[in-house]
Amino acid sequence: MRDALSRTFFLALARSALLKAGASRYGMRGPDGFARRFVGGETLNEAMGVVQDLDRQGFTHTLNYLGEHVASPDVARRAAGDYLEIIERVGAAGLPCKISVKLSQLGLELDRALCADNLRRILAAAGERDGFVRIDMEGSATVDATLGIFEAVWNEGLRNVGVVLQAYLHRTEADLRRVLALGARVRLCKGAYKEPSGVAYQDRAHVDDAFLSLIPVLLAEGHAPAIATHDRQAIDAACRFAEQRGIGPDRFEFQMLFGVRRDLQAELRDRGYPVRVYVPFGREWFPYFMRRLAERPANVAFVARSLLRERKGDPPVSPPSRR
Ligand code: FDA
């Protein structure tokens, strides 16, 4: 209950323009800005540095250019153009071109045809670089439209695209089977948005149960399944199931967020499991950052301490378990 309340609180704050303006002043300021724990930088150069570092440590990556719910078709077109530049520069740097996109950044809520066109441009550019594009899943009101666009491009023969499904939604088992039947790639996560009880499980135990029940389906029937979590219980269950079924670590991967449970990321890598790190970057980091606070309110204490020090001009603090 407390979890659900604090989650609601932070996700509501994520919509505050005032808080966004205030946080944006400090969050990424200097090398120790509090948002840097979860955000790979405000520029592509910074993010590429992070990705190169991860590659050296034996992790793979997916890059996300932050932005969502754009206000006009022009902004949506520009976001797609930004992605083309990102793909070009990442490819030119010799880095694998793996990216994650949010369709609300490409105009999903304004004009679905425009959004689909923007996505096609990105897929074509990524395809030239042997790249792969994962469509993140957003609030439940966008799931039908997101899956609709995903299936449309898939049915046009575009294959360098996959989608995310969220275990907390009651509909997800059916969606999972539908996407798996296409032969498409799924990233399964618990889900990060505030959803009504009619569409999503509300308490942690139910969400965890739903996640645990979908993992075997994805592992057994999925194509390059991706299990996106920092939950050790879910990870252990996935490893056990894979072992029992003879599904080797080369046939699926774990995915985790930049800055979250680095200890577990390293542990899994050392045990021979592929770990892909989701690296978001860009100036529009505030809603993403607030979702990370909603997942773990203890993060707030760290932010508060950073801000107090900033105001007093003290040296920066280290985050708790910077992982
Ligand atoms: P859970 O929340 O139970 O956390 C397990 C443990 O992980 C915690 O006990 C804590 O130790 C640690 N942890 C989790 N979150 C933390 C945080 N913010 N700070 C510090 N520690 C934390 N969601 C969505 O709706 N659409 C999407 O497209 C995606 N995409 C996505 C990609 C990838 C690669 C990941 C890892 C996650 C997503 N998510 C997402 C987010 C996902 O839905 C979920 O909100 C978070 O992963 C947190 O859930 P866990 O599975 O980690 O479990």
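**Strands and helices in a predicted model**

Mentor: We are working with a predicted model. Start with the strand pairs. In which sense do strand 2 and strand 3 pair, and over how many bridges?

Trainee: Strand 2 covers residues 98-101. Strand 3 covers residues 132-135. One point to look at is Val-101, which stands opposite Ile-135 in strand 3. The two strands pair in the parallel sense, over four bridges.

Mentor: Now strand 1. Which residue in strand 2 is the bridge partner of Leu-63?

Trainee: Strand 1 spans residues 60-65. Strand 1 pairs with strand 2 in the parallel sense over two bridges. In strand 2, the partner of Leu-63 is Ile-99.

Mentor: Which helix makes a β-α-β unit with strand 2 and strand 3?

Trainee: Strand 1, helix 4 and strand 2 make a right-handed unit. Strand 2 and strand 3 make a right-handed unit as well, and the helix there spans residues 112-128. That is helix 5.

Mentor: Why is helix 4 called roughly parallel to helix 5?

Trainee: The axes come within 9 Å and cross at roughly 5°. Angles under 35 degrees count as roughly parallel. Therefore helix 4 and helix 5 are described as roughly parallel.

Mentor: How many residues of the contact of helix 4 with helix 5 are nonpolar?

Trainee: On helix 4, the contact includes Ala-76, Leu-84 and Ile-87. On helix 5, the residues met include Leu-114, Ile-122 and Ala-125. Two residues of this contact are polar and two are charged. The nonpolar residues number 10.

Conventions:
Residues are numbered from 1 along each chain as its sequence is written. This is a predicted model: local features need pLDDT of at least 70, side-chain atom pairs count only at pLDDT 80 or more; totals for chains, interfaces and linings use all residues. Side-chain values use heavy atoms; hydrogens and water are left out. Two strands pair if DSSP finds at least two bridges between them. A crossover is right-handed if, with the strands pointing away from the viewer, the path from the first strand over the helix to the second runs clockwise. Axes are lines fitted to C-alpha atoms, for helices over the stretch in contact, and angles run from 0 to 180 degrees between N-to-C directions. Angles under 35 degrees count as roughly parallel, over 145 as roughly antiparallel, 65 to 115 as roughly perpendicular and the rest as oblique. Contact means heavy atoms within 4.5 Å. Ala, Val, Leu, Ile, Met, Phe, Trp, Tyr, Cys and Pro count as nonpolar, Asp, Glu, Lys and Arg as charged, and the others, Gly among them, as polar.
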